[in-house]
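Q: I'm new to reading protein models. Could you walk me through one, feature by feature?

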Amino acid sequence: MPDKPWALADGTSWSPLFCFGAGEGYSNYTFTSMSVRGNLTAGRSDQKGSHAADFGELTVSVTVEDLHHFTPSGSTVVQIYMAPLSASRTGQVRYKMTLAGFSKAAIAAEGTTTVDVSVRSSELGYTVFEPMLAGADNHPFVVESGEYRLLACHSQCSCQLNTTITVQ
């Protein structure tokens, strides 16, 4: 990831004082491996209550290790962020990176644990705003096909592992 992933309207780079999800812990935890199970499919739902549309689910497993062997045992939060790598086909403006899921992990002193984080299709999709459609219920929910990067992070600014998935 670039040193300063945010930019002001004039292109000037800046960094926030505290990144989203940043917290303090008593030890130093590192993510040593990451794997993805499951499948997401692209789709479009024009039905009312479309956020309930199911296009699949992923389980992201992250192995967390205590580097400082701090006693007593501690905990950390594993955050999974999603970044679309392909341009939106609907022309909607998307965030560079969004939080897709998180889970708190309890790690024994001198220990290692594997944390499973669930990523639902609703976290990768979005509602398309089409001003020509009448009524609030006519805006479709879309999960686009393409490549997405999944990042395992301590906070929005501290990502240690990443992998790429393809939604078809």
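Q: Let's begin with the overall layout. Which pattern does the protein follow, read along the sequence?
A: Keep in mind that this is a predicted model. Read along the sequence, the pattern is β-β-β-β-β-β-β-β-α-β-β-β-β. As a tally, that comes to one helix and 12 strands.

Q: How do strands of a sheet pair?
A: They pair through backbone hydrogen bonds, and the pairing can be parallel or antiparallel. Here you can look at an open sheet of four strands, in the order S7-S6-S11-S12, with antiparallel pairing. S7 and S12 are its edge strands, so called because each pairs on one side only. On average, neighbouring strands of this sheet are turned by 20° against each other, ignoring direction.

Q: How many bridges join S6 to S7, and how many join S6 to S11?
A: S6 and S7 run antiparallel and are joined by nine bridges. Pick out Met82 and you'll find its bridge partner in S7, Thr98. Between S6 and S11, also antiparallel, there are six bridges. There, Ala83 has Arg149 in S11 as its bridge partner.

Q: And which residue in S12 stands opposite Tyr148?
A: That's Ile165. S11 and S12 run antiparallel too, with nine bridges joining them.

Q: Where do side chains point in a regular strand?
A: They alternate between the two faces of the sheet. For a residue to try this on, take Leu151, which lies in strand S11.

Q: Is Leu151 buried or exposed?
A: Its relative accessible area is 4%, so Leu151 counts as buried, the cut-off being under 20%. You can also use Leu151 to see how folding brings distant parts of a chain together in space: Leu99 is 52 residues apart from Leu151 along the chain, yet their C-alpha atoms are separated by 9.4 Å.

Q: What share of the contacts joins residues far apart in sequence, at least 24 apart?
A: Take the contacts between residues at least 6 apart in sequence: 66% of them join residues at least 24 apart.

Q: What about burial for the whole protein: what percentage of the 168 residues is buried?
A: Buried residues make up 36% of them. As for the surface, the protein exposes about 9,900 Å², and carbon and sulfur atoms supply 51% of that.

Q: Which residues have the most contacts inside the largest nonpolar core?
A: They are Val62, Val64, Val78, Ile80 and Leu150, in a core of 27 residues. Many parts of the chain feed into this core: among the strands supplying at least two residues each are S3 (29-40), S5 (56-66), S6 (74-84) and S11 (146-155). Zoom in on Val62 and skip its neighbours within four places in sequence: its contacts include Phe31, Met34, Val78, Ile80, Val115 and Ala152. There's also a second, separate core of five residues, including Tyr81, Ala83, Met97 and Cys153.

Q: Last one: what is a disulfide, and how many does the structure hold?
A: A disulfide is a covalent bond between the sulfur atoms of two cysteines. This structure holds one. Cys153 and Cys159 form it, with their sulfur atoms 2.0 Å apart. The torsion about the S-S bond is about 90°, so this disulfide is right-handed.

Q: Which of these cysteines is buried, and which is partly exposed?
A: Cys153 counts as buried because its relative accessibility is 0%. Cys159 is at 24%, so it counts as partly exposed.

Technical notes
Residues numbered from 1 in each chain as written. Predicted model: local features only at pLDDT ≥ 70, side-chain atom pairs only at ≥ 80, totals over all residues. Heavy atoms only, no water. Core = buried A, V, L, I, M, F, W, Y, C linked by side-chain atoms within 4.5 Å. Buried < 20%, exposed > 50% of the residue type's maximum accessible area, 1.4 Å probe, protein only. Contact = heavy atoms within 4.5 Å. Areas by Shrake-Rupley, 256 points an atom, 1.4 Å probe, with all protein chains shown as cover. Pairing = 2+ DSSP bridges. Axes fitted to C-alpha atoms, helices over the stretch in contact; angles between N-to-C directions. Disulfide = S-S within 2.5 Å.
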